[in-house]
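Visitor: I am new to reading protein structures, and I would like to look closely at a single part rather than at everything at once. Could you take me slowly through the aromatic rings and what surrounds them?

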Amino acid sequence: MGDMRGKESRNNNANANKKKKQNYDKKDRKQENFVNLEKKTGHKKRNAVPQTPGPKPTDEIRNIILPEVMTIRELADILKVQPSEIVKKLFMQGIMMTVNQEVDYEKAEEIALEFNCIAEPEEKVDVIAELLKEEDESEDEMAARAPVVCVMGHVDHGKTSLLDAIRNTRVTDREAGGITQAIGASVVSINGQKITFLDTPGHEAFTAMRMRGANSTDIAILVVAADDGVMPQTIEAINHAKAAGVEIIVAINKIDKEGANVDRVKQELTEYELVAEDWGGSTICVPVSAHTGEGIKELLEMVLLTAEVLELKANPNRNARGLVIEAQLDKGRGTVASVLVQKGTLKVGQCIAAGASYGKVRAMIDDQGRRVKEAGPSTPVEVLGLSSVPNAGEVFVVCDSEKDARSFAETFMAQDKEKLVAETRARMSLDDLFSKIQEGSLKEFNLIVKADVQGSVEAVKQSLLKLSNDEVVVKVIHGGVGAINESDVSLAAASEAIIIGFNVKPDPVAKSTAEQEQVDIRLYNIIYKAIEDVEAAMKGMLDPIFEEKVLGHAEIRQIFKASGVGNIAGSYVLDGVFERGCQVRVSREGKQIYEGQLASLKRFKDDVKEVKAGYECGLVVEGFNDIAELDIVEAFKMVEVPRT
């Protein structure tokens, strides 16, 4: 028994000694680690303040580039510091953030300064622009190309007749003429030289295409009827052509008609800075008759002369590139796109991409309905083989393979989605005018003015032009008489302009197009109000918009006379609600007889805040005593509408 106890106590002692030894070893290791740490960090004393890990502080100032939005971790990588340091700095400023939270450029710039870094914003790369970007070509590879012409003018001034007369100068059978209409373009030869005519409706020929930054035409023929003179759409056409920077040749049509006055037309054109050559100006004016064919040859010669002056050239020995004029889905042939080749030569079998559609050119048909194998610069052709219908005005490019064409279209679709999100509403509006001026991103402020009479157009134009200052130039790119139409909206969208309507309203199509295109339309009936608004917008001080909100209607059932108060209208609330202090309109037999303030609202003898439909109340209208039974009282108030 005693032996067992002795053995047990010896074992316990041995275990205790073992444990002690382990503890000593542990302490020694800890001590050793600490000594090593001291050696590494240069600490002399155990209680010395440890240094903050991280890069050594430096006074060197670095320049860095930062994106619009980034996480704290990404910012730390750019600044070459620990993310925890940024989190700590923000914490000291009272901002709680984790390393995965995002900060905007302004905040990131502030943080960067704390770490001796000067930030610059990252330049946004327009992927589509990069895809469509081209190297400059040497002059030696260039060859003369045919001019591309479009015909514009007022309705019924003879645009179509003139085009038909021009087409008839080439000897073809009627069937080919029919096909010409379908392709949207035609080629005419004169004196051995070719001219390409775009048959698309005037303005659309460039507004849609200008949105993509491309110009479809070199010369615009402006058709003006000699017996009618300059009309609203003529002015529109002039402004569209000028905005696109296109040479204008005036064709004064219908000179065979009675009452034709060529000089009067020339006189009217001078008001729009189009001065005829024989009047000392630089605008070519050719009197023509689409009916008799007189002057057509001279007009075409003038087009060639203008083209010669413009020195139009393109390289035919390269991959083709151009514009989609028109596109549609044909039951038998699939997607049919009318394209205008601008550079290079397009060949059957090549892979092309146009906007979000792509494919292999299965067949090409020229303007006379013939199948062709290739099409050079300034040649319009119908192309078969695209995967979907591209938009008119899209730029088409030839790709090396179908895979490249598909990836081009996919990039385009992705970019377009991004743009749509960004543009919900990046278009110009009066509200963001001041911020754009502040940013310095706005140098010219474009306006379109429409009014009920020409005098008003001029008055509004002149008044608005005077608002130009050192920071921004106010430009009226179009002024016209009549309702705001779709053409105005498309010009505004292409030119980032604001439409100002004076005593006119937008027509239904223009209204829906403006909503779709997010074009800002402002309507006024007092000139100085329009000027005040534009001036206030330029200073960033637009007043809030108030809109009338109808609260309810009541019928007067009985009149009570009260001394010192006047007539009290015992009324029954038909619908809605009447509120204390609202405004009211009194109508008798459907005609409004008074508008003013509601002085008091009572239920029995008590003043109340509101009375709802189905209840009776007593109304006193301020400053109006001439109330009668069965009069209808409408309650309304003005509420502020948030600016969009």
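Guide: What follows is a walk through the aromatic pairing in this model, with a short look at charges placed over rings.

Please keep in mind throughout that this is a predicted model. A pair of aromatic rings is described by the distance of the centres and the angle of the planes. In this structure the count comes to one aromatic pair, and its two members are Tyr-594 and Phe-624, whose ring centres are 4.5 Å apart and whose planes stand at 5° to one another. Since planes under 30 degrees apart count as stacked, the pair of Tyr-594 and Phe-624 is described as stacked.

It helps to ask where each partner sits along the chain. Tyr-594 belongs to strand β29, which covers residues 591–603, while Phe-624 is found in the loop between β32 (616–621) and β33 (632–641), so the pair ties together parts that are 30 residues apart in sequence. The two partners can also be described by their accessibility: Tyr-594 is partly exposed, with a relative accessible area of 22%, whereas Phe-624 is buried, with a relative accessible area of 13%.

Rings can also have a charged group placed over them, and Arg-585 lies over the face of Phe-636, at 4.0 Å from the ring centre. Another such arrangement involves Lys-89, whose charged end sits over the ring of Phe-115, 5.1 Å from the centre of that ring.

How values were computed:
Residues numbered from 1 in each chain as written. Predicted model: local features only at pLDDT ≥ 70, side-chain atom pairs only at ≥ 80, totals over all residues. Heavy atoms only, no water. Phe/Tyr/Trp six-rings, centres within 6.5 Å; stacked < 30°, edge-to-face > 60°. Helix = DSSP H or I, 4+ residues; strand = E, 2+ residues; numbered from the N terminus. Buried < 20%, exposed > 50% of the residue type's maximum accessible area, 1.4 Å probe, protein only. Lys NZ or Arg CZ within 6 Å of the ring centre and 35° of its normal.
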